[in-house]
Amino acid sequence: MPPRESNSWLASARVHVAAVENPTLDFRLRCFHGQRAVEMSLKAVLIHHGVSYPFTHELDSLMELVPGGVPDHVIEASRLTPHAVQEMYPDTFTDLGADHADEAVELARAVIEWATAIIEPTP
């Protein structure tokens with residue numbers, strides 16, 4: 001697939017990171033956007049490598065498809081998987097606080113940094 005497409009997915013991940021970094025948003029929304037940032041980053045890397053992926057929010061499943069695997073700090077971001085659905089619908093909301101949102105920010109930033117190094121390497 002063309003690099004431009006992987007760049008657009010990475011740009012989308014950055015939009016979600018901006019949301020997760022917004023301290024005025026509800027904790028649930030910040031966690032939701034953290035998961036989305038990680039998911040978009042992983043899919044950007046897969047597109048960059050020409051790897052097809054299933055339509056899923058399961059971060060572990062996406063990580064397993066990355067050629068050569070992913071580093072430990074990226075694997076840690078799989079903890080955000082439940083936020084893809086649980087924080088989207090009011091009847092599945094979980095009890096989250098600032099610590100969860102802070103973790104989502106940290107994990108999302110780390111995964112985007114990793115994906116950026118792959119897709120947009122500095123010379």
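Contact here means heavy atoms within 4.5 Å. The model on display is predicted, and the stops below follow contacts of this kind from the overall fold to individual side chains.

**The whole chain**

Begin with the cartoon of the entire protein, which has six helices and zero strands. Read from the N terminus, the elements run α-α-α-α-α-α. Colouring by accessibility shows that 44% of the 123 residues in the protein are buried. Among contacts between residues at least 6 apart in sequence, 63% join residues at least 24 apart.

**Helix α6**

Select residues 98–119, which form α6. This helix of 22 residues reaches 31 Å from its first C-alpha to its last, close to the 32 Å expected at 1.5 Å a residue. Display its side chains next: the buried positions in α6 include A101, A104, V105, L107 and A108. Further along, V111, I112, W114, A115, T116 and I119 of α6 are buried as well.

**The pairing of α2 and α6**

Add α2, residues 27–48, to the selection. The two helices pack at an angle of about 15°, and their axes lie 8 Å apart. At that angle α2 counts as roughly parallel to α6 because the value is under 35 degrees. The crossing of α2 past α6 is left-handed.

**The nonpolar core**

In soluble globular proteins, nonpolar side chains tend to be buried together. Here, the largest nonpolar core holds 32 residues, of which V38, L42, M63, V66, V74 and W114 touch the most other members. Helices α1 (3–20), α2, α3 (59–64) and α6 each supply at least two residues of this core.

Centre the view on L42. Which residues does L42 contact, leaving aside its neighbours within four places in sequence? They are L59, L62, M63, V66, V74 and W114.

**L59 in helix α3**

Move from L42 to L59, which lies in helix α3. Is L59 buried or exposed? Its relative accessibility is 0%, so L59 counts as buried. Beyond four places in sequence, L59 touches Q35, V38, E39 and L42, together with A77, S78, L80 and T81. A distance label between the C-alpha atoms of L59 and V74 should read 9.8 Å, for a pair 15 residues apart along the chain.

**Q35 in helix α2**

Q35, one of the contacts of L59, is found in helix α2. Q35 also counts as buried, at 0% relative accessibility. With residues up to four places away in sequence set aside, Q35 touches H57, L59, L80, T81, H83 and A84.

**T81 in the loop**

Follow the contact from Q35 to T81. Where does T81 lie? Its place is in the loop between α4 (72–75) and α5 (83–86). T81 is buried, having a relative accessible area of 11%. Outside the four places on either side in sequence, T81 touches Q35, H57, E58, L59 and D60. A C-alpha to C-alpha label from T81 to E39 should give 8.7 Å, although 42 residues separate the two in sequence.

**H33 in helix α2**

For the last stop, return to helix α2 and select H33. A relative accessible area of 17% makes H33 buried, since the limit is under 20%. Which residues does H33 touch, not counting those up to four places away in sequence? Show H16, A19, V20 and L25 as sticks to see these contacts of H33.

Key
Residues are numbered from 1 along each chain as its sequence is written. This is a predicted model: local features need pLDDT of at least 70, side-chain atom pairs count only at pLDDT 80 or more; totals for chains, interfaces and linings use all residues. Side-chain values use heavy atoms; hydrogens and water are left out. A nonpolar core is a set of buried Ala, Val, Leu, Ile, Met, Phe, Trp, Tyr and Cys residues joined through side-chain atoms within 4.5 Å. Buried means under 20% relative accessible area, exposed over 50%, partly exposed in between (1.4 Å probe, protein chains only). Helices (H or I, at least four residues) and strands (E, at least two) are DSSP runs, numbered from the N terminus. The expected span of a helix is 1.5 Å times one less than its number of residues. Axes are lines fitted to C-alpha atoms, for helices over the stretch in contact, and angles run from 0 to 180 degrees between N-to-C directions. Angles under 35 degrees count as roughly parallel, over 145 as roughly antiparallel, 65 to 115 as roughly perpendicular and the rest as oblique. A crossing is left-handed if the near helix is turned anticlockwise from the far one by less than a right angle, and right-handed if clockwise.
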